[in-house]
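Hi,

Here is the structure I promised to hand over. Have a look at it first, and my notes on the side-chain contacts follow underneath.

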Amino acid sequence: MWEKYLREDKVWASFGCHPHNAKDYNDNIERSLCAALEHPKVRALGEIGLDYSNRNNCLKEVQFEVFRRQLKIALMKKLPVVVHCRDAHEDGMRIICQVLPKDYTIHLHCFTDTWEWAQRWLNKFPNLYIGITNVVTFPSAKSVHEVAKNIPLDRLLLETDAPYFVPKRSPKGTRWSHPGMAIHVAEQIATLKNVPVKNVLQATRKNTQFVYNV
């Protein structure tokens, strides 16, 4: 189903079992995952992690096991990990520390929490990069604005989490986000940091090249 998309130029892949689906993970799924990760255009394993929000009905213990199993696969295959961690920072950091070296390459995906939590992640893992999405374009997203203002440019990634988080400035009626809309993230972060948007784009391009080897 997915291989045809990877034939396209400048399209790469990351595969993993999201914590919302942790209860469905089993040995057969793991074998399929490992097979998919062998594709030459795969650049990471994820998104994987923990989600304690009321949108997830998987037991914490199940999420722990599936997260650990996939982190071990990433380590074995020497792939960066894309981490989803919602309302689960303490447990997320603890499990990562149990499995991965502290200098492992990590993309902390779709970060929407406080600058205090962002600092803890950045200080704990020196090769961790925080992804900020179009949520930063929403006036109500004060905590994300604070992260955007304070995060060093050399630890930042731009995201859309497509098809979610349509940027605030999108034409009326726009239903879905897409990767091209990451420019709105860059513009808003540049405004919040009071730096040229070119600086944000240059830094995040360099960070993306490092994390994903593209």
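For what comes next, a salt bridge is a side-chain nitrogen of Lys or Arg within 4 Å of a carboxyl oxygen of Asp or Glu. Please keep in mind that this is a predicted model.

**Salt bridges**

Searching the whole structure turns up seven salt bridges. One of them joins the side chains of Asp-27 and Arg-69, with N to O at 2.8 Å. That pair connects distant parts of the chain: Asp-27 belongs to helix 1 (residues 27-36) and Arg-69 to helix 2 (residues 60-77), 42 residues apart. Both ends are partly exposed, since Asp-27 has a relative accessible area of 47% and Arg-69 has one of 22%.

Arg-69 has another partner too: Glu-65 forms a salt bridge with Arg-69, and here the closest N and O atoms are 3.6 Å apart. This one stays inside helix 2, where Glu-65 and Arg-69 are four residues apart, about one turn of the helix. Glu-65 comes out as partly exposed, at 43% relative accessibility. Which residues end up in one network with Glu-65 and Arg-69? The others are Asp-27 and Glu-30, joined in through salt bridges that share partners.

Then there is Lys-77, whose side chain meets that of Glu-38 in a salt bridge, N to O at 2.4 Å. Lys-77 sits in helix 2 while Glu-38 is in the loop between helix 1 and strand 2 (42-51), so this contact ties together parts that are 39 residues apart in sequence. As for accessibility, Lys-77 is partly exposed at 24%, whereas Glu-38 is exposed at 54%.

**Cysteines**

How many disulfides does the structure hold? Zero. A disulfide would need a pair of cysteine sulfur atoms within 2.5 Å. For Cys-34, the nearest cysteine sulfur is that of Cys-17, and it is 12 Å away, so by that cut-off Cys-34 is in no disulfide. Cys-110 is in no disulfide either, with the nearest cysteine sulfur, that of Cys-85, 12 Å away. Is Cys-110 buried or exposed? Cys-110 counts as buried, at 9% relative accessibility.

**Aromatic rings**

A pair of aromatic rings is described by the distance of the centres and the angle of the planes. You will find three aromatic pairs in the structure. Among them is the one between Trp-2 and Phe-15, which is tilted, at 4.7 Å centre to centre and 55 degrees between the planes. Trp-2 is in the segment before strand 1 (13-15) and Phe-15 is in strand 1, so the pair ties together parts that are 13 residues apart in sequence. Trp-2 is partly exposed, with a relative accessible area of 29%, but Phe-15 is buried, with 18%.

Another tilted pair is made by Trp-121 and Phe-125, at 5.9 Å centre to centre with 35 degrees between the planes. Trp-121 and Phe-125 are both buried.

**Charges over rings**

Two contacts to look at here. The charged end of Lys-60 sits over the ring of Tyr-52, at 4.3 Å from the ring's centre. Arg-94 lies over the face of Phe-64, and the distance to that ring centre is 5.4 Å.

If you only have time for one spot, I'd pull up Arg-69, with its salt bridges to Asp-27 and to Glu-65.

Cheers

Note on methods. Residues are numbered from 1 along each chain as its sequence is written. This is a predicted model: local features need pLDDT of at least 70, side-chain atom pairs count only at pLDDT 80 or more; totals for chains, interfaces and linings use all residues. Side-chain values use heavy atoms; hydrogens and water are left out. Helices (H or I, at least four residues) and strands (E, at least two) are DSSP runs, numbered from the N terminus. Buried means under 20% relative accessible area, exposed over 50%, partly exposed in between (1.4 Å probe, protein chains only). Rings of Phe, Tyr and Trp (its six-membered ring) pair if their centres lie within 6.5 Å; planes under 30 degrees apart count as stacked, over 60 as edge-to-face and the rest as tilted. A charge sits over a ring if NZ of Lys or CZ of Arg is within 6 Å of the ring centre and within 35 degrees of the ring normal.
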